[in-house]
Amino acid sequence: MILRTVTSFVVFPLLAGALVLAFVRLLRGPHLADRIVAFDLIAVASAGIIVVSAITSGHSVLLDAASIWAVIAFLSVIAFTWYIERKGGI
Amino acid sequence: MKEIIISALLVGGAGFIFFAALGVLRMPDIFLRLSCTSKASTLGIGLLLTALAVHFGELDVSSRALATIGFIILTTPVASHRIARVAYLDGVPLWEGTIADEMRGRYAPGAVTAQRNKE
């Protein structure tokens with residue numbers, strides 16, 4: 001019971017607020033690398049939301065989704081930085 | 001008792017991720033933003049995955065959670081270093097309050113863009 005209350009009123013709002021703040025930086029970031037930093041943080045916060053959803057719903061399969069999500073986020077950060085290194089940022 | 005431990009871990013992890021996002025929004029410089037987000041978000045997602053491992057308490061779920069924590073701890077510094085290096089080489093301006101730039105003058109003149117060399 002206490003777990004449901006805490007996740008509903010503290011954990012999910014904190015993670016959603018983190019998403020909103022990182023999204024503001026994603027919109028405003030002056031350089032492309034700032035947007036990559038914000039994207040990385042959005043990916044981490046989304047993985048956190050998936051993990052908390054796995055706890056609240058009781059389906060441990062969602063942990064696999066979170067770990068694959070982390071792998072994809074890391075690879076996309078590497079790809080984005082590779083493109084900046086090749087072509088230069090904006 | 002177990003629920004209280006899980007709740008504390010969850011609140012701590014979500015709080016660290018939230019403070020990482022606050023630092024990304026408020027810090028004046030991309031390098032300061034990176035130093036906020038990489039450490040705090042690694043700790044935050046680690047605490048959330050630890051809460052998941054404590055909540056299920058089975059061997060397969062806990063081992064997968066530990067493997068994910070290890071993967072994130074290994075890959076986040078690599079990604080952060082790569083972003084910082086690319087940003088520095090691309091000539092992102094430093095914060096005006098920066099007191100040390102140890103990379104300065106250590107690259108060939110053509111490697112860093114003209115804006116960086118002019119400063």
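**Entry 1: two residues in the third helices**

I began with A:Asp64, which I found in helix α3 of chain A, and I noted at the outset that I am reading a predicted model. I then asked myself whether A:Asp64 is buried, partly exposed or exposed. A:Asp64 has 14 other C-beta atoms within 10 Å, and because a residue needs 20 or more to be buried and 12 or fewer to be exposed, I wrote A:Asp64 down as partly exposed. I also looked up A:Ala54, which lies ten residues from A:Asp64 in sequence and 10.0 Å from it in space, C-alpha to C-alpha.

In chain B I looked up B:Ser62, whose place is in helix α3, residues 59-89. I counted B:Ser62 as partly exposed, since it has 19 other C-beta atoms within 10 Å and the cut-off for a buried residue is 20 or more. B:Ser62 and B:Leu52 are ten residues apart in sequence, and I found 7.8 Å between their C-alpha atoms. When I left aside the neighbours of B:Ser62 within four places in sequence, I found it in contact with B:Ala53 and B:Phe56.

**Entry 2: chain B as a whole**

I listed the secondary structure of chain B as four helices and zero strands, and reading along the sequence I wrote the pattern α-α-α-α. Of the 119 residues in chain B, 39% are buried. I also took the contacts in chain B between residues at least 6 apart in sequence, and I found that 58% of them join residues at least 24 apart.

**Entry 3: helix α1 of chain B**

I followed α1(B) from its first C-alpha to its last and noted that its 25 residues reach 36 Å, close to the 36 Å expected at 1.5 Å a residue. The residues that I found buried in this helix include B:Leu10, B:Gly13, B:Ala14, B:Ile17, B:Ala20, B:Ala21 and B:Val24. I reminded myself that an α-helix has 3.6 residues a turn, so residues three or four places apart point the same way. What do the buried residues of α1(B) pack against? I found that they pack against α1 and α2 of chain A together with α2 of chain B.

I looked next at the partner within chain B, helix α2 (residues 30-56), and noted that α1(B) packs with it at an angle of about 160°, with the axes 8 Å apart. I therefore described α1(B) and α2(B) as roughly antiparallel to each other, because angles over 145 degrees count as such. Their crossing is left-handed, and I divided the residues of their contact into 18 nonpolar, eight polar and one charged.

**Entry 4: helix α2 of chain A**

I turned to α2(A), residues 32-57, where I counted 26 residues reaching 37 Å from the first C-alpha to the last, close to the 38 Å expected at 1.5 Å a residue. This helix is mostly covered, with 19 of its 26 residues buried, and just after it I noted that A:Gly58 takes a positive phi of about 85°.

I then followed α2(A) across to chain B, where it packs with α1(B) at an angle of about 165°, the axes being 11 Å apart. That angle makes α2(A) roughly antiparallel to α1(B), and I recorded the crossing as left-handed. The residues of α2(A) that I found in this contact include A:Val37, A:Leu41, A:Val44 and A:Gly48, and those of α1(B) include B:Leu10, B:Ala14, B:Ile17 and B:Ala21. By class, I counted twelve nonpolar, two polar and no charged residues where α2(A) meets α1(B).

**Entry 5: the contact between the chains**

How many residues does the contact take from each chain? I found 43 residues from chain A and 43 residues from chain B. On the side of chain A that touches chain B, α1, α2 and α3 each supply at least two residues, and I noted that the largest share, 15 residues, comes from α2(A). By class, I sorted this side of chain A into 30 nonpolar, nine polar and four charged residues.

Last, I came back to the third helices, and I found that α3(A) and α3(B) pack at an angle of about 15°, with their axes 10 Å apart. I therefore wrote them down as roughly parallel to each other, and I noted that α3(A) passes α3(B) in a left-handed crossing. Among the residues in this contact I listed A:Phe74 and A:Glu85 of α3(A), and B:Phe71 and B:Arg82 of α3(B). I divided the residues of the contact into 14 nonpolar, four polar and three charged.

Note on methods:
Residues are numbered from 1 along each chain as its sequence is written. Chains are lettered from A and ligands numbered from 1 in the order in which they are written. This is a predicted model: local features need pLDDT of at least 70, side-chain atom pairs count only at pLDDT 80 or more; totals for chains, interfaces and linings use all residues. The expected span of a helix is 1.5 Å times one less than its number of residues. Two residues are in contact if their C-beta atoms, placed from the backbone, lie within 7 Å. Ala, Val, Leu, Ile, Met, Phe, Trp, Tyr, Cys and Pro count as nonpolar, Asp, Glu, Lys and Arg as charged, and the others, Gly among them, as polar. Axes are lines fitted to C-alpha atoms, for helices over the stretch in contact, and angles run from 0 to 180 degrees between N-to-C directions. Angles under 35 degrees count as roughly parallel, over 145 as roughly antiparallel, 65 to 115 as roughly perpendicular and the rest as oblique. A crossing is left-handed if the near helix is turned anticlockwise from the far one by less than a right angle, and right-handed if clockwise.
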